[in-house]
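Okay, thanks for coming, everyone. I'll put the structure up and then walk you through it piece by piece.

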Amino acid sequence: MRFAQDLEDLFENAPCGYILISPSGTIFKANRTILSWLGYDRAALTGKRFHVVLNLSSKLFYETHFLPRLRMEGRFDEVALDFLSASGKVVPVFVNAVEQRDSQGRTLSVRMTISNSTDRRRFEQELLDARRTANQANAALQASNVELSRKNVEGARLTALLQQNETRLRMAQEAGHVGSFEVDIATNQITVTEQFCRIFGLPSQSTFSMDAIENMVFPGDEALASSRGQREAGELDLYSEYRIRRADTKNIIWIARRAQISRDAEGMPSQLFGTVQDISERKAVDDRQNLLNEELSHRLKNTLALVQAIASQTLKSASDRSAVHAFNQRVTALSHAHDVLLRQSWSAADMRDVVAGVLALHADANRLVLEGPVINLGPKAALSLSLLLHELATNAVKYGALSASDGRVMVVWSIVDADLKLMWSEQGGPPASEPKSSGLGTRLINLGFGGTGKVSKAYLQSGLVIEFFAPLKLIQEN
């Protein structure tokens with residue numbers, strides 16, 4: 001009896017949250033920790049579908065990624081989701097889920113372990129800020145060192161300052177595996193740092209002939225590295241990636257080179273300054289990521305196509321064919337958003353690409369006006385925007401500007417203070433009127449961009465005008 005009480009106390013008061021979900025998707029048990037995070041009492045949460053604690057973007061991710069993988073593998077580890085408290089506040093969490101199955105493989109329950117990631121996400125952002133500051137400091141030190149070397153400043157005070165900067169630069173370069181160089185274009189001699197020699201596998205000395213360095217370039221990559229003629233003409237790519245064969249081990253590695261050209265009083269190139277970095281590991285990671293993205297894209301398209309086929313077969317006898325068509329169109333909109341995200345390795349999606357891609361499914365480009373700055377959307381925001389624009393465009397085709405031959409749609413986005421403002425404006429169609437019934441499409445529109453609910457509608461004689469507002473930080477969150 002005492003042991004059972006201890007187990008129950010451990011469950012209820014654990015530092016992490018626990019939620020147990022039935023095969024139908026309803027919560028049948030939650031511990032005191034998760035209830036306190038979300039501000040629910042036990043009776044209010046028990047019996048509710050799990051969706052009730054997720055915001056819109058997390059609901060989409062849960063349905064399109066979380067559940068399918070859980071069904072296939074039986075578990076899903078370290079998934080970032082955004083829960084909604086009873087007051088509507090977003091609670092960022094990490095979720096681990098395990099499916100309990102009977103001997104026939106049927107789902108008995110889903111056990112979720114939840115950790116509050118608010119502090120972790122803030123700490124990760126602080127680490128990114130610290131790294132950005134270090135990189136800026138490193139760049140400043142390099143610029144200071146190169147300028148001091150070029151001018152050959154006299155004087156004990158400036159000499160001491162130069163030595164101090166050289167020490168800091170060397171430490172920064174060694175920490176970041178970055179080497180620097182200076183090419184005298186007239187003599188074709190290159191002066192390098194010790195880290196440069198380590199990267200290229202060269203003996204530790206300060207000066208080499210550029211011919212010796214160019215001979216290390218891997219065959220076929222010569223056009224990516226600079227030649228003497230290009231340096232003398234001042235015509236070369238200031239950033240380039242190419243392969244070399246190390247002088248000592250003969251191993252082939254990838255190099256990233258950044259450079260700047262200095263000109264004399266007559267405007268002729270005199271010196272080439274820059275840095276080199278071994279990016280072989282990054283290239284290998286990129287290759288693996290590209291392979292995974294291609295495989296993921298292939299599987300995702302097959303899955304979405306299968307979903308559409310199953311829906312069409314299942315609803316073949318449905319009397320309302322418009323509902324089947326609307327479902328297929330929403331799946332197509334999601335598929336396009338995934339394509340845009342996969343091109344950027346699921347890190348970001350260009351807003352113009354997302355808007356243009358979704359609206360191209362509904363209207364020719366000459367009937368669309370898209371205006372706004374370059375903004376990168378996070379994966380959740382890209383999926384949310386795709387569904388939102390799909391519903392607006394579908395309504396415009398049925399009832400609004402796109403139902404008329406001369407009708408047009410204007411989509412304009414801008415940054416206002418710390419918010420992203422998105423305006424949808426229809427012109428040249430029938431007068432706009434408020435819908436008499438509310439379906440899924442209307443609810444999605446009312447939820448707004450990113451599920452914030454900040455929506456302003458105007459049903460005008462000239463057509464529908466809607467403005468959406470969402471925190472810029474939220475829609476760029478990765």
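**Two sheets, a cavity and a helix crossing**

Let's start with one residue pair: Tyr 239 sits opposite Arg 258 in strand 10. Before I go on, keep in mind that this is a predicted model.

So, that pair belongs to strands 9 and 10, which run antiparallel and are joined by seven bridges. Between the two strands of this hairpin there are six residues, and Lys 250 takes a positive phi there, near 65°.

Now follow strand 10 to its other neighbour. Strand 10, residues 252-263, is tied to strand 11, residues 269-278, by nine bridges, again running antiparallel. If you want a place to look, find Ala 259, which has Gly 274 of strand 11 opposite it.

Zoom out and you get the whole sheet: six strands, open, antiparallel pairing, in the order 8-7-6-11-10-9. Which strands stand at the edges? Those are strand 8, at 207-209, and strand 9, at 239-245; each has a single partner strand, so one side of each has no neighbour in the sheet. On average, neighbouring strands here are turned by 30° against each other, if you ignore direction.

Okay, next, the empty space. As a reminder, rolling a probe the size of a water molecule over the atoms shows where empty space is left. How many cavities of 30 Å³ or more does the search of the whole structure find? Just one, and its volume is about 140 Å³. There are 16 residues lining this cavity, and the closest to its centre are Met 210, Ile 213, Ser 226, Tyr 242 and Arg 257.

Where does the lining come from? The elements giving two or more residues are strand 6 (178-184), helix 7 (194-200), helix 8 (210-214), strand 9 and strand 11. Helix 8 has the largest share, with three residues. For those of you thinking about chemistry, the lining breaks down into 13 nonpolar residues, one polar and two charged.

Let's move to the other sheet I want to show. This one is also open, with five strands in the order 2-1-5-4-3 and antiparallel pairing. Its edges are strand 2 (27-30) and strand 3 (75-84); each pairs with a single strand, so one side of each is left without a neighbour in the sheet. The average turn between neighbouring strands in this sheet is 30°, direction ignored.

Within it, strand 1, residues 17-21, runs antiparallel to strand 2, with three bridges joining them. Here the pair to find is Leu 20, with Lys 29 of strand 2 opposite. Helix 4 packs on this sheet and touches strand 3, strand 4 (90-101) and strand 5 (107-116). The direction of helix 4 makes about 160° with that of strand 3.

Last stop: helix 4 has a helix partner to look at, too. Helix 4, residues 56-73, and helix 13, residues 379-398, have axes that come within 9 Å and cross at roughly 95°. That crossing angle is why we can call helix 4 roughly perpendicular to helix 13. On the helix 4 side, the contact is made by Leu 56, Ser 57, Ser 58 and Leu 60. Helix 13 contributes Lys 380, Leu 383, Ser 384 and Leu 387. Sorted by class, the residues of this contact are four nonpolar, three polar and one charged.

That's my tour, so over to you for questions.

Terms used. Residues numbered from 1 in each chain as written. Predicted model: local features only at pLDDT ≥ 70, side-chain atom pairs only at ≥ 80, totals over all residues. Heavy atoms only, no water. Axes fitted to C-alpha atoms, helices over the stretch in contact; angles between N-to-C directions. Helix = DSSP H or I, 4+ residues; strand = E, 2+ residues; numbered from the N terminus. Parallel < 35°, antiparallel > 145°, perpendicular 65-115°, else oblique. Contact = heavy atoms within 4.5 Å. Nonpolar A, V, L, I, M, F, W, Y, C, P; charged D, E, K, R; others polar. Pairing = 2+ DSSP bridges. 1 Å grid on protein atoms, 1.4 Å probe; cavity = no way out; pocket = protein on both sides within 12 Å on 5 of 7 lines; lining within 4 Å. Points joined across faces, edges and corners; volume = space filled by probe spheres on them.
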